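Please open the model in your viewer and keep the selection tool at hand. The tour below proceeds from one selection to the next.

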Amino acid sequence: MKLFPTTALALALAAAFPVQAQSNADILKELQALKDKVAELEGKLKAQEAKLPPAAGQWGMTPDQARELNRATLKAEATEDAIESQGLKMLKISGFMDPVWLYNQRQNRAGFQFLNPVSLGGYNYDNSYFGGVTLDFQKEMEGGIKWRLTLVPNRGTGSVIGDGSIVQEASVSVPLGDLQTRIIAGQIPDWSGYEYQQSTLNKLITHNLLYDFTLPTLYTGVGMEYVRGKWWSRWMVANVNTSNRNAGERAPAFVYRVDYSRGEFQGFGFAGLHGKGANFRSDDVNPFTLDPYKTADTRLDLFEVDGYFVRGDWTVQGQLSYGQQKHAAITADPVTGEMRDARWWGASGLVAYKFDPRLEGIVRLDYLNNRKNGGGLLGYTFADDRNGIGPDQAGDPERGANRMALSLGASYRYNLSTTFKAEARFDRADLPVFLDVKTGSYRKTNAVFGTSVVVAF
């Protein structure tokens, strides 16, 4: 009896072990198949993720790179906030300087000109706005308001008018309704003619005869500015060449400028002034009656038209001007001793050609007719033997000298911020009105040679 149970148990165990071994093998197979399926699904998921765009800011970057980008973003935002809080947003600062070497034949002088005060030596064609330092601040505020301050020690408009100020321009522009209609106010340099005051924009070193002797220096007042398509118009009611009016002076002048851009390469403009301007004969007396003239300001009318054509390597510019001022002639009436009117007209033309993108040759020719009543120009109511204005010292006092000037120049753009200039200028008058300081005699001609380097930022 005992044998049967033992045998049965052995048979059961023998049967159980093979079954268990077979089950384990099946389980292993199933596990391996499951692993293969998971690997297949992971591969498909990775393939789908590769087709999607990466998350924002994570363009293939490592975690360290992503953290560095976040830090840089925070710094940039903090910098923007600091710039805005300090009033530096939309602020542009620029400037330039242009040391000049100049030779003047009749003045018997040669040397460097840099930061010498115009107010001490007077404004002359060989002592114009060149040879100075300019620092320009321009800011645009919310709503399109523009603010500008330009500083030019000794060589700017503030020095030329005799105020001794370093301010070249101090102006504001406030839009009315839209950005194309604005109120303009402050101290603004004259906008007449085809030449610019700045050495960075003026092709030669000196300026043309019309610029030097027939155009105002600056306006102080208020006006309007309009931009309508190709037209740009400005006008002001302003003091001319002075920052304030003296006792007994009440009437400002009306000044304006209109420009039209005809296409990309050409355009024209005209400018005028009508009102009262300073008359430097006001301190004189009638030589016959000894009565003072008492005419601090007299009627002044100026008008000029200018145009330009710029195409490829060629630049062509031109200007015609006319002006007159009451009781401002150099020579008084020979019978009554009363002051007479000054009247003048002139023309200027410039042609420039670029031999290559850096080297440009320039030719400028000027003519100024100023013979009426012994001559007389804007701000030049006396004979000037340095600039060649007025009658012949030993000739007819009724006839002023007509002036001409030919300038030959070249400019070389050394790099984006540096330009070298050279100019040979030959001035001529139809009367001997240039004083030769070396001999004490008067000549009809004068020669000026100059070089400069203009460095801007």
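How many bridges join S17 to strand S20, and in which direction do the two strands run? Select residues 445–456, which form S20, together with S17 in this predicted model. Eleven bridges join the two strands, and they run antiparallel. For one pair within this ladder, display Phe420: its bridge partner in S20 is Val453.

Next, add residues 403–413, which are strand S16, while keeping S17 (residues 418–429) selected. These strands are also antiparallel, and eleven bridges join them. The connection from S16 to S17 is a hairpin through four residues. To inspect a pair here, select Met404, whose bridge partner in S17 is Arg428. As a general guide to viewing such strands, side chains in a regular strand alternate between the two faces of the sheet.

Then show the side chains of Trp101, Phe112, Val363, Leu365, Leu406, Leu408, Phe426 and Phe449. Together they form a nonpolar patch on the surface, with about 740 Å² of accessible area. Strand S15 (359–369) and S16 are the elements that each give two or more residues to this patch. Centre the view on Phe449, which lies in strand S20. Phe449 has a relative accessible area of 33% and is therefore classed as partly exposed, since that class lies between 20% and 50%.

Finally, move to helix H2 by selecting residues 63–85. The helix has 23 residues and spans 33 Å from its first C-alpha to its last, close to the 33 Å expected at 1.5 Å a residue. Just after H2, select Gly87, where phi is positive at about 75°.

Terms used
Residues numbered from 1 in each chain as written. Predicted model: local features only at pLDDT ≥ 70, side-chain atom pairs only at ≥ 80, totals over all residues. Heavy atoms only, no water. Expected span 1.5 Å × (residues − 1). Pairing = 2+ DSSP bridges. Patch = residues over 30% accessible without salt bridge, like charges linked within 9 Å, V, L, I, M, F, W, Y side chains within 5 Å. Areas by Shrake-Rupley, 256 points an atom, 1.4 Å probe, with all protein chains shown as cover. Salt bridge = Lys/Arg side-chain N within 4 Å of Asp/Glu carboxyl O. Buried < 20%, exposed > 50% of the residue type's maximum accessible area, 1.4 Å probe, protein only.
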